[in-house]
Amino acid sequence: MNAPLTPVRFAPSGASSLAERLRKEVDGEVMFDAASRGRYSTDASIYQVEPLGIVVPRSEEAARAAISIAAEQGVPILPRGAGSSQCGQAVGAALVIDHTKYLNNIVEIGESHAVVQPGVVLDQLNAALRKHGKWFPVDVSTSAQATLGGMAGNNSCGSRSIEYGNMVHNVLAIDAFTATGKRWRFGPMHEASGEYGDFVRRLKALYEREKAEIEARFPKVLRKVAGYNLDHLGPPHANAAHLLVGSEGTLAYSEQIHLKLAPLPATRSLGVCHFPKFYTAMESTQHIVKLAPTAVELVDRTMIALARDIPAFEKTVNAFIRGDPDAILLVEFADERVGRLQDLVQLMADRGLPGSVVEITDASLQRAVWEVRKAGLNIMMSMKGDGKPVSFIEDCAVPLEHLAEYTDRLTRVFEKHGTRGTWYAHASVGTLHVRPVLDMRREGAKQMRAIAEEACAMVKEYKGAYSGEHGDGLVRSEWIAPFFGPRLAAALGEIKSWLDPHGLMNPGKIVNPPRMDDKTLFRYRPGYQTASLQTHLNWSEWGGFDKAVEMCNNNGHCRKFDAGTMCPSYRATMDEQHLTRGRANTLRLALSNQVPLDTVKDALDLCVSCKGCKRECPTGVDMARMKIEYLAHYKASHGWSARDRAIGYLPHYAPWAARLAPLSNLVSTATKSALGFSAKRALPKWRGDFFVDEGSPDGDAVLFVDTFNRYFEPQNARAAMKVLEASGRRVYAPRDLCCGRTFLSVGMVDKAKREARKMIEALSPFVAKGTPIVGLEPSCLFSLRDEFPVLVSDALAKNSYLFEEYLAQNPGKLKFREMKRNALLHGHCHQKAFDAMSAVERVLRLVPGLEVNTVQTSCCGMAGSFGYEAEHYDVSMKMAEMSLLPAVRSSKEAIVLADGTSCRHQIANGTGREAVHVARLLEQALA
């Protein structure tokens, strides 16, 4: 069916010689170890195929050298961006070329164009373009991690394609390198000359030969990304670069991509249309698009319900959802059309749904709403259990007049095969992301095949596109031939044979594909089993530790670089190993006996337990908790070091060390290097004037004074006591209570459980009376709400508050004098993970004249003992220098506020500035 290629199979036994040559001749990181290959064996699809090795080139020349060496040895080659492909495009038994770490430069920004290397992330580009009043408008939902190289490879589309088109409409040219060693600028076909000109003449001849078949076979819908863009080889486009767009790396390696830019809209309006029935929403879309919106996006009731259960989205969802709709449509207008929001309101009323539109003109709320929609895929994947929404027919595109009937019929197909689907995305262009819920460990593959066959026939009937946005990969390449017919399928193979005669570039995608349900390619293939561990923590919410680990669907949201907390170690290293996804994959591979369990230690080494992933990962992967579980098993078999014991038992020896403060500080300084702490750090100083005031035993507020604030910074506890008393509370501060955080950090879970039980026993009587427990150190206080329920019980969880959380809800009699000062506020990771920063800001606003600027930071890098440890000092400082320390240095006149003990020490160590706990500032401001 396809034109013949000359496949060259690579013998695994040659891996060592290939690796050796790559290390000698390529300026890049070369990884052939089992754990690295395992981490690169998956993308966001259902597939897992182990690569032969990975090269992370440091330059374009290095990328070309690696490709040339592989081609010379007959080794398949797989260019890879963020690895977030949903169809299996980014996996294969090949040499992976990962360009995300180094080949991520914006080469040029012109008046209406930009030139980028393939590893540039979309949000990175748009951040740079903003000051020019421009943007690249192919606004995919994965914009925080999607690379332009991957977007070009997939022919990505985005929510606003009805206005701006797809990737193929916004690529001007591509500088690419082929497996045969050719470096060509693929672009407008009238500019061709030389050897490249010969290639273009062959393309033109093929187009003339097949244009009648192209006209007959290519669907007349905007969203069509299957195969190669043969229809763009003739007028009005006639651009050879468009052949590479959507080619999934099967034709050439893109070195630089020339992009068309658009003016950044000055204003937008958003209408949230509520529908009592899903069918009505689908039927209404064709009428809404006549108002010329820039986007019409669907969200169904399943996604609304799941989003409400995700802490990061709950408040936003409640702000724009009214009642209990079966579906909503997000309808956006821009610039001169913003006023058409009123036309939308009238249209909905005319269609029998008056009052069904929530009008949003506030830009910040609009952004928040779009963030929920952008997370749609990941929200759907947050379903717990073995059954997951599976991607294989999600991108079918049909003409709008058939959309309602198509969705209704497809729903009945799901029901026929014993499942249901989840729906969201691009109603404006007839592309709805529908994912049947299947259990791929059991009968899922059989159901998938049956549903795919019926969906394929249905889409052909409606003259739609079977692959409308996310590409072909392993899951949809098989369906190209049935849609395009034998002539055009052969034409695709013919073009590939010209550029890649030996079939080395990402084989098995688009041309000569395997069956979509080849079980040997599945992540959960026949015989997949996980080890049965006697866990230390309670994982019943997920159905077990292994199921919690498998919540990671490889979407790569943890790769974001410019917002939120997650994932600080990745931001510092740009290594897949030190990414939440990389850690989860390593754990999954270890639990299923695909790599040794000890391998996980290296992957978790730089995890700072920031809990950013707990809040920001849309599927709720809590790597900090997983690290506790793993360390408990690892340390039980390998033993605890002297440093582990010094850290873990700190609350036990703290009372004695503080009483002997001068001597204890000398001992700490003398022994820190021997214990493995960095010589570049000054350890916290024991204080002889440690906090001892217990207050009133019959108080109406319990102040939980943790080890750090009691023995190292007692002034914070004293300040908090005064502020709480000034609010009208009688405060009780019991001694000798510890949350067990230090024990958890080194995997001493049994010791932490003892501390938890002791604390619950001491404080339960207060909780029973409704007395609040108020804490100062975020990591300690949130242990009561997060760790205690999986260690022992949730007895203290509902009545425990961070200091500012409590005051924000119960300011009582607090009065503050005016403070005409600027304050720079840094949030502890756990404050951000538990959405407590808004409470801190509200309390600080009670101080007249105080101007607070919350610095947007990830982890400070100290993270408890992490930044003190000699082997972690450099990466700790790199995390701090990414945003926190520069912000502190540039705010010389501001008071620096930080609730975290480790945060304050990092700021002092990195800038020489003192950061203070919020309680101390409030004490100073008391009237």
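How many salt bridges does a search of the whole structure find? The search finds 66 of them, a salt bridge being a side-chain nitrogen of Lys or Arg within 4 Å of a carboxyl oxygen of Asp or Glu. Before we dig in, keep in mind that this is a predicted model, where local features need pLDDT of at least 70, side-chain atom pairs count only at pLDDT 80 or more, and totals for chains, interfaces and linings use all residues. Residues are numbered from 1 along each chain as its sequence is written, and side-chain values use heavy atoms, with hydrogens and water left out.

**The big picture**

- The protein's secondary structure adds up to 40 helices and 26 strands; these are DSSP runs, numbered from the N terminus, with helices (H or I) of at least four residues and strands (E) of at least two.
- The C-alpha trace spans about 90 × 70 × 55 Å along its principal axes.
- The radius of gyration is 29 Å, which agrees with the value near 30 Å for a compact globule of 927 residues. That rule is 2.2 Å times the number of residues to the power 0.38, and the radius is taken over C-alpha atoms.
- Of the 927 residues, 65% count as buried. Here buried means under 20% relative accessible area, exposed means over 50%, and partly exposed is in between (1.4 Å probe, protein chains only).
- Take the contacts (heavy atoms within 4.5 Å) between residues at least 6 apart in sequence: 75% of them join residues at least 24 apart.
- The accessible surface comes to about 33,400 Å², and 50% of that belongs to carbon and sulfur atoms. Areas like this come from the Shrake-Rupley method with a 1.4 Å probe; for residues, only the protein chains shown count as cover.

**Salt bridges worth a look**

- Glu871 pairs up with Arg643 in a salt bridge, with the closest N and O atoms 2.7 Å apart. This pair links distant parts of the chain: Glu871 sits in the loop between strand S24 (851-854) and helix H37 (873-881), Arg643 is in helix H25, and the two are 228 residues apart.
- Is each partner buried or partly exposed? Glu871 is partly exposed at 47% relative accessible area, while Arg643 is buried at 14%.
- Arg735 and Glu694 also meet through their side chains, at 3.1 Å from N to O. They are 41 residues apart, with Arg735 in the loop between strand S20 (731-732) and H30, and Glu694 in the loop between H27 and strand S19 (701-704).
- Arg735 is partly exposed, with a relative accessible area of 40%, and Glu694 is partly exposed too, at 31%.
- There's also a network of salt bridges, linking Lys611, Lys614, Asp622, Arg625, Arg741, Asp786 and Glu787.

**Buried spots**

- Helix H26 (residues 650-659) has these buried residues: Leu650, Pro651, Ala654, Pro655, Ala657 and Ala658. Their cover includes helices H25 (642-648), H27 (661-675), H28 (707-711) and H30 (741-745).
- Ala452 belongs to helix H16 (residues 444-461) and is buried, with a relative accessible area of 0%. Leaving aside neighbours within four places in sequence, Ala452 is in contact with Phe392, Ile393, Tyr466, Trp479 and Met516.
- Trp479 is 27 residues from Ala452 along the chain, and their C-alpha atoms are separated by 9.2 Å.
- Met748 sits in the loop between H30 and helix H31 (749-768) and counts as buried at 6% relative accessibility. Not counting residues up to four places away in sequence, Met748 touches Trp640, Asp644, Arg645, Tyr649 and Phe743.

**Backbone oddities**

- Pro235 and Pro236 are joined by a cis peptide bond, with omega about 5 degrees; Pro236 is in the loop between helix H7 (194-217) and helix H8 (241-244).
- Another cis peptide bond joins Met566 and Cys567, with omega about -10 degrees. Cys567 lies in the loop between helix H19 (545-549) and helix H20 (568-573).
- Lys611, a member of the salt-bridge network, has a positive phi of about 65 degrees although it is not a glycine. Lys611 lies in the loop between helix H22 (600-604) and helix H23 (612-616) and counts as buried at 2% relative accessibility.
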